[in-house]
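Here is a short report on one structure. It takes the pocket, then a helix, then two residues.

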Amino acid sequence: MITAPHPDDLARVKAWFERLSERVRAVDFAGAHRLFAEDMVAFGTFENFITGRDRVEAAQWRNVWPVTSGFRYRADDIRAIVSADRLTAIGMAVFDSTGYHPDGAPYERPGRTTVAFSRQAIGEDWVAVHTHMSLFRDVPTVSFGTEGSTKS
């Protein structure tokens with residue numbers, strides 16, 4: 001049975017998603033590193049399992065962040081399931097962004113994210129140990145970007 005998370009735990013999950021949104025919009029790879037465990041595991045668009053934050057950056061972030069814009073999670077609809085010891089959590093959120101066709105024409109690029117979080121002590125910020133991001137059905141999987149599209 002799922003119980004409502006402690007308000008501080010949920011607030012920290014929401015804060016994590018907002019910090020990631022800021023890093024994606026700024027195309028700030030280095031700034032995003034502190035949000036993820038060095039040995040994280042991710043599902044990716046360009047590879048199946050990706051192990052290691054640096055590999056995730058190379059295989060995913062660098063192929064997506066510079067060619068999209070306006071990345072934002074729907075803050076009022078972020079969900080979390082937190083373990084009884086409050087040291088592990090699963091966060092779920094829907095995002096919106098803009099992608100670009102080969103001719104530079106924009107298209108809506110919504111999707112969803114599931115993140116497994118961990119931390120050493122209650123009250124610490126969450127660190128992502130696993131991510132799974134996917135686009136909604138029928139959304140083009142490749143964005144080509146357009147001049148000025150790397151910032152929002």
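The sections below go through these topics in turn.

## The largest pocket

The model is predicted. Its largest pocket has a volume of about 420 Å³. The lining counts 24 residues, and the closest to the pocket centre are Thr 45, Gln 60, Val 64, Arg 109 and Met 133.

Which elements supply the lining? α1 (7-25), β1 (36-43), α3 (53-64) and β8 (127-135) each give at least two residues. β8 gives the most, with 5 residues. By class, the lining has 15 nonpolar, 8 polar and 1 charged residues.

## Helix α3

α3 has 12 residues, which should span 16 Å at 1.5 Å a residue. The end C-alpha atoms of α3 are 15 Å apart, which agrees with that span.

Which residues of α3 are buried? They are Arg 53, Val 56, Glu 57, Ala 59, Gln 60, Trp 61 and Val 64. An α-helix has 3.6 residues a turn, so residues three or four places apart point the same way. The cover over the buried residues of α3 includes α2 (29-32), β1 and β2 (49-51).

Two of these names return from the pocket. Gln 60 and Val 64 are buried residues of α3, and both are listed among the residues closest to the pocket centre.

## His 33

His 33 sits in the loop between α2 and β1. Is His 33 buried or exposed? Its relative accessible area is 17%. Buried means under 20%, so His 33 counts as buried.

What does His 33 touch, leaving aside its neighbours within four places in sequence? The contacts are Arg 53, Asp 54, Glu 57 and Trp 61. With Glu 57, the side chain of His 33 makes a polar contact of 2.5 Å. Glu 57 is itself one of the buried residues of α3. Arg 53 and Trp 61 are also in that buried set.

## Pro 140

Pro 140 is found in the segment after β8. Its relative accessibility is 31%. The class between buried and exposed runs from 20% to 50%, so Pro 140 counts as partly exposed.

Leaving aside neighbours within four places in sequence, Pro 140 is in contact with His 101, Tyr 107 and Leu 135. How far is the C-alpha atom of Pro 140 from that of Arg 109? The separation is 7.7 Å, while the two residues are 31 residues apart along the chain. Arg 109 also appears among the residues closest to the centre of the largest pocket.

Conventions. Residues are numbered from 1 along each chain as its sequence is written. This is a predicted model: local features need pLDDT of at least 70, side-chain atom pairs count only at pLDDT 80 or more; totals for chains, interfaces and linings use all residues. Side-chain values use heavy atoms; hydrogens and water are left out. On a 1 Å grid over the protein atoms alone, a cavity is a set of points where a 1.4 Å probe fits but cannot get out, and a pocket is an open set with protein on both sides within 12 Å along at least five of seven lines; lining residues have an atom within 4 Å of a point. Grid points are joined across faces, edges and corners, and a volume is the space filled by probe spheres set on the points. Helices (H or I, at least four residues) and strands (E, at least two) are DSSP runs, numbered from the N terminus. Ala, Val, Leu, Ile, Met, Phe, Trp, Tyr, Cys and Pro count as nonpolar, Asp, Glu, Lys and Arg as charged, and the others, Gly among them, as polar. The expected span of a helix is 1.5 Å times one less than its number of residues. Buried means under 20% relative accessible area, exposed over 50%, partly exposed in between (1.4 Å probe, protein chains only). Contact means heavy atoms within 4.5 Å. A polar contact is a pair of N or O atoms within 3.5 Å; within protein, one must be able to donate a hydrogen and the other to accept it, and residues adjacent in sequence count only if both atoms are side-chain atoms.
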